[in-house]
Amino acid sequence: MQPQMMANADEDAGLFRHKIIDGKAVAKGMRAEIAVRAARLIEQGLPPKIASISIGDNPSVDLYIRNQKKAAASTGIDFEHLKLDLTVGEAGLIEKIKELNATPSVTGIITQRPLAPDISIKKVQVAIDPTKDIEGMNPASIGNIVYNDLDLGPCTAVAAVELLKSTPLNLQGLEVVMVGHSEIVGKPVAFLLMSEGATVTVCHHMTRNLAVHTRRADAVFVAVGKVGLLTGDMIKPGAAVIDIGINRVTSSDGTTVTVGDVDFDSCAEVAGWITPVPGGVGPVTVAALLRNAVVAAERMAP
Ligand code: NAP
């Protein structure tokens, strides 16, 4: 059935009554399943443990780490954070990662961004043992999804696809447009969707006419980092809209809010399903990280 027809069931006076995809609810369901798997591992004497590393002081990173730690605790996953001094440098950080790679009780490693400007993210991602790469960012992990080995996929991409899967849409043969083709979000989303049987078009800054593509899609994913990039006139009535963007915007009264890449109000008038920002991809990304943590620990079981 076409998404347009399904959304029509909720049609009200000629307008589509969009459904907000609740990322917090999707994440809660995932955490319940993760908790069962973590308990099984603990029973077997193989407790999953995440080692998280950050560099220097950054209040928003610290808040994010506290949220990750709380979410991990709610599933029974151990979470240890190491805050390194700004002076650690690339070699020092990689040394620490090697130490954690060799620590048997650590089953998953994450590095909190931003790192220091003199540190190559790519070198750090390569240094993490792929078996402990629960962010799914090591080139080996990204390569695996090309071969349909999806279990340790990049968390944000996995989360975005999970949100589409929470709708009644059948992904097989679904026309999907991915706007943005970064290594950590856009490209992995495209591969994950292809593995689900979707027909995927990937758009980027050189795409000649973005709206021509987005208007014919049953589902549109956006991961660019541009406020208001996707507007209601650019989508098909009844389409699903998954907003991955995170932008901090200061209003005229001086308050700062977080918004996505999608113009929510105009898209909500036309969409069948839409994710909010915040409360959409973000919470599911943390749940995807925890699911990767149990997958990595399960794979280490003898
Ligand atoms: P990125 O590496 O900067 O990539 C942005 C992508 O957008 C590039 O592929 C770029 O294409 C494309 N692009 C730029 N202008 C465009 C335009 N006008 N039309 C279409 N495509 C355009 O960013 P990223 O790391 O993928 O992150 C994207 C957004 O997602 C950011 O807002 C980021 O904060 C957010 N994010 C969210 C989460 C989460 O958990 N929710 C996690 C990670 C990132 P070219 O390379 O061709 O220029």
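**Ligand shell and parallel sheet**

Trainee: How many residues of each class are in the shell around the ligand?
Mentor: Let's sort them by class: Ala, Val, Leu, Ile, Met, Phe, Trp, Tyr, Cys and Pro count as nonpolar, Asp, Glu, Lys and Arg as charged, and the others, Gly among them, as polar. On that basis the shell has eight nonpolar, nine polar and one charged residues.

Trainee: What kind of model is this?
Mentor: Residues are numbered from 1 along each chain as its sequence is written, and side-chain values use heavy atoms, leaving out hydrogens and water. Local features need pLDDT of at least 70, side-chain atom pairs count only at pLDDT 80 or more, totals for chains, interfaces and linings use all residues, and the model is a predicted one.

Trainee: Which residues come nearest to the ligand?
Mentor: A residue is near if one of its heavy atoms lies within 4 Å. There are 18 residues around the ligand, and the nearest are His181, Ser182, His205, Ile244 and Ile246.

Trainee: How much of the ligand's accessible area does the protein cover?
Mentor: Let's begin with N or O pairs within 3.5 Å: ligand oxygen atoms lie 2.8 Å from a backbone N or O atom of His181 and 3.0 Å from one of Ile246. On its own the ligand has 930 Å² of accessible area (Shrake-Rupley method, 1.4 Å probe), and the protein covers 70%.

Trainee: In what order do the six strands of the open sheet run?
Mentor: Strands are DSSP E runs of at least two residues, numbered from the N terminus, and two of them pair if DSSP finds at least two bridges between them. The edge strands, S1 (19–20) and S6, each pair on one side only. The pairing is parallel, and the order is S1-S11-S8-S7-S5-S6.

Trainee: What is the hand of the crossover from S5 to S6?
Mentor: S5 (residues 175–179) and S6 (residues 199–203) are parallel over five bridges, with Val177 partnered by Thr201. The chain passes between them through helix H8 (residues 186–195). Viewed with the strands pointing away, a clockwise path over the helix counts as right-handed, and this β-α-β crossover is right-handed.

Trainee: Why are Glu33 and Arg37 about one helical turn apart?
Mentor: Their side chains form a salt bridge at 2.8 Å, N to O, meaning a Lys or Arg side-chain nitrogen within 4 Å of an Asp or Glu carboxyl oxygen. The separation is about one helical turn because, in helix H2 (residues 23–43), Glu33 and Arg37 are four residues apart.

Note on methods:
Polar contact = N/O pair within 3.5 Å; in protein donor to acceptor, adjacent residues only side chain to side chain.
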